[in-house]
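Trainee: I'd like a close look at one helix and what it leans on. Could you walk me through it without rushing?

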Amino acid sequence: MSKYTIVQISDLHIGEASYRRDMVVTAIEEINEIKPNLVVVCGDLTWNAIREQFLEARDLLQNIDSPQIVTMGNHDAFNVGYLTFEELFGPRYAEYQDESVFVMAVDSSEPDLNTGHVGREGRGFIDQAFSKADEKLLKIFALHHHLVPVPRSGRERDSMVDAGDMLELLMHKGVSLVLSGHRHYPWLWRLENMVLSYSGTCGSPRLRGSPCQNYNIIKIDKNNIEISTKLIGGPTRRRGKYRWGKRGITSG
Ligand SMILES: [Fe+2]
Ligand SMILES: [Fe+2]
């Protein structure tokens, strides 16, 4: 694989009190300078899934020059938000493929609940999608909720209720990278041959100890994956570097 860059953003939270539209606008300007091959948006576009909030999210994300894949978050699932999401952003289960990566993004939200859930039918769909993916491609899975708890989350109460089944499936399918948002705190876990990359928030004031809103930059080449957190309008902090190959993540 030649050099490939993914930007992972999430939790815009348009409509939240003290929502930082200025940070989201600056992030998009920065992303267009980075010129990533792909932008993955890991959900919580809105505060409570009001149509105007989704429209603002669509208008902002349209300013990104790179291809993008977008997932729903729990905040996008209030008020029957999935209908507006599908109208403006397309299918809630979406695939993206190019000459380097195969990405599957799923809706892990449940109407009017904060917990995440994919379920047996969803897992069957994920199983089929990764089974047909070219083995040469880096396999990436994106969802809003976290599969392993995140530090600085306070009392853990809205993780995936079927996280164990999801982790087993993703490992079995040779997924190397799992991208999530939700808890507004950037973090990395390595588990077996996978790395779980969590992005912070790029628009919410709820920063959970981060100095400002942020997003992740993932740089991939033939042998390495390097993941950094970019503070919006500020410095980039390297968080982890991993070796990867046919057997997924092998060290780091
Ligand atoms: Fe959020
Ligand atoms: Fe969330």
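Which element do the buried residues of α2 pack against?

Mentor: They pack against α3. Before we dig in, keep in mind that this is a predicted model, where local features need pLDDT of at least 70, side-chain atom pairs count only at pLDDT 80 or more, and totals for chains, interfaces and linings use all residues. As for labels, residues are numbered from 1 along each chain as its sequence is written, while chains are lettered from A and ligands numbered from 1 in the order in which they are written.

Let's start with α2 itself, which covers residues 51-61. Helices here are DSSP runs of H or I with at least four residues, strands are runs of E with at least two, and both are numbered from the N terminus. Within α2, Q53, F54 and A57 are buried, meaning that 20 or more other C-beta atoms, placed from the backbone, lie within 10 Å of a residue's own (12 or fewer is exposed, in between is partly exposed). Those three cover an arc of only 100 degrees around the axis, so they end up on the same side of α2. The arc is taken from the directions that run from the helix axis to the C-beta atoms. Turned away from that buried side is a face with the exposed residues E52 and D59.

Now flip to the partner. Helix α3 spans residues 81-89, and its buried residues are G81, T84, F85 and F89. They share one side of α3 too, because their arc is only 105 degrees. On the other side, L83 and E87 are exposed. The buried residues of α3 pack against α2, and also against strand β3 (68-70). Right after α3 comes G90, with a positive phi near 95 degrees.

So how do α2 and α3 sit relative to each other? Their axes come within 10 Å and cross at roughly 25 degrees, which makes α2 roughly parallel to α3. The axes are lines fitted to C-alpha atoms, for helices over the stretch in contact, with angles from 0 to 180 degrees between N-to-C directions. Angles under 35 degrees count as roughly parallel, over 145 as roughly antiparallel, 65 to 115 as roughly perpendicular, and the rest as oblique. At the meeting place, α2 brings R51, F54 and R58, and α3 brings T84, F85, L88 and F89. Contact here means C-beta atoms, placed from the backbone, within 7 Å. Notice that F54 is on the buried list of α2 and also among the residues that meet α3.

There's another helix pair to hold next to this one. α4 and α5 (residues 163-172) pack at about 10 degrees, with axes 10 Å apart, so α4 is roughly parallel to α5. Here R123, I126 and D127 of α4 make the contact with D165, M166 and L169 of α5.

On to a couple of strand residues. F141 is in β6 (residues 138-142) and counts as buried, thanks to 25 C-beta neighbours inside 10 Å. Beyond its neighbours within four places in sequence, F141 is in contact with M104, L170, V175 and V178. F102 is 39 residues from F141 in sequence, yet their C-alpha atoms are 8.5 Å apart. L177, in strand β7, is buried as well, with 27 C-beta neighbours inside 10 Å. If you skip residues up to four places away, L177 touches L138, I140, V195 and S197.

Two loop residues have an unusual backbone, given that most residues other than glycine have a negative phi. D112, in the loop between β5 (101-105) and α4 (119-131), has a positive phi near 65 degrees. H184, between β7 (177-180) and β8 (187-191), also has a positive phi, about 65 degrees, without being a glycine. D112 counts as exposed with 12 C-beta neighbours inside 10 Å, whereas H184 has 26 and counts as buried.

Finally, zoom out to the whole protein chain. You get five helices and 13 strands, and the C-alpha trace spans about 45 × 40 × 35 Å along its principal axes. Buried residues make up 43% of the 252 residues. Among contacts with a separation of 6 or more, 69% join residues 24 or more positions apart.

Methods
Contact = placed C-beta atoms within 7 Å.
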